[in-house]
Amino acid sequence: MRPEILQKLNRFREKALSYGVPSDEVERWLAAARPCATLSPRGDGPVVGRLGGPVLLPVGSPGLPPRTHLIASLDLAALPADAMTLRLPSDGRLLLIAGYVDDMPADAFGEAVHVPASTPVEEYPVISGLAPDDAWAHLEEDLRKEGELRLTYDVSLPENESLIDAAAHPHAWQLGDAWDDVRREDRQLLTPRLQIDGYSSDPHRETDLVTASAWLAAQKTGEEPRVEDWALLAQWNGVPRAGGQVYWTITKQNAAAGRFEETSVLGFFESPG
């Protein structure tokens with residue numbers, strides 16, 4: 001692991017021990033650590049993408065459906081392979097698209113689109129279908145305003161209840177608090193941000209969305225869920241006027257093969273109050 005990652009995990013270890021978590025339990029938790037990439041306008045690493053438009057899609061494509069937005073566009077050639085374990089195509093742009101249904105909070109839906117580097121593109125409009133005074137009407141403006149996404153090499157831990165063996169981790173809540181403290185110190189709980197790969201995070205520490213995606217896919221096919229085949233493609237943590245969590249998940253095989261039409265999108269938007 002990179003020195004800054006080891007230092008971060010050491011800070012977590014010290015904080016968890018200070019909360020009274022036994023050393024052997026802390027080490028069991030740390031053994032499950034996974035690398036990930038955190039992308040944020042607040043980062044200080046190289047630029048690897050941007051939030052919001054312009055919406056550059058292959059010439060002749062139907063464009064974005066109404067009530068969806070380009071949340072982020074990632075430059076796959078600029079995203080270093082050693083920042084994560086998930087294998088992605090090495091060129092082109094990955095567009096992360098999401099929309100919402102219902103209201104406060106709004107359930108998310110969407111897609112991921114890979115545009116290879118050699119593909120001719122043109123700019124398409126965002127059709128919000130919303131009145132100017134609608135609470136959601138400013139999402140596109142807010143995304144564009146946030147701008148460039150910068151890379152931070154990062155690490156994640158399995159803080160959601162659905163991933164935790166209660167017998168092995170009776171101090172799971174204290175471990176989660178210690179991890180939140182460390183991330184807050186690093187300003188990585190602030191919005192907006194994207195996480196690529198690693199564990200999904202839930203503000204209530206309840207549901208792992210990668211596991212949920214595997215189960216939903218299995219229900220469609222009637223097969224047994226294979227959670228180990230699935231990965232977190234990206235998690236988006238809001239913008240100031242429209243928060244929430246949106247998760248793009250995919251099987252590792254489909255990600256490596258560039259079959260992003262098989263991406264599952266789950267989560268929610270929070271309307272401005």
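**Close-up views of a predicted model**

**View 1. Helix α1, residues 3-18.** The 16 residues of α1 should span 22 Å at 1.5 Å a residue (times one less than the number of residues), and the end C-alpha atoms lie 23 Å apart, which agrees. Helices (H or I, at least four residues) and strands (E, at least two) are DSSP runs, numbered from the N terminus. This is a predicted model, in which local features need pLDDT of at least 70 and side-chain atom pairs 80 or more, while totals for chains, interfaces and linings use all residues. Residues are numbered from 1 along each chain as its sequence is written, and side-chain values use heavy atoms, without hydrogens and water.

**View 2. The two sides of α1.** Ile 5, Lys 8, Leu 9, Phe 12 and Ala 16 are buried (under 20% relative accessible area; exposed is over 50%, partly exposed in between; 1.4 Å probe, protein chains only). These buried residues fall within an arc of 95° seen down the axis (directions from the axis to the C-beta atoms), so they line one face of the helix. On the other side, Pro 3, Gln 7, Glu 14 and Ser 18 are exposed.

**View 3. Phe 12 and Trp 179.** Three aromatic pairs are found in the whole structure (ring centres of Phe, Tyr or Trp, its six-membered ring, within 6.5 Å; planes under 30 degrees apart are stacked, over 60 edge-to-face, the rest tilted). The centres of Phe 12 and Trp 179 are 5.8 Å apart with planes at 90°, so this pair is edge-to-face. Phe 12 belongs to helix α1 and Trp 179 to helix α4, 167 residues apart.
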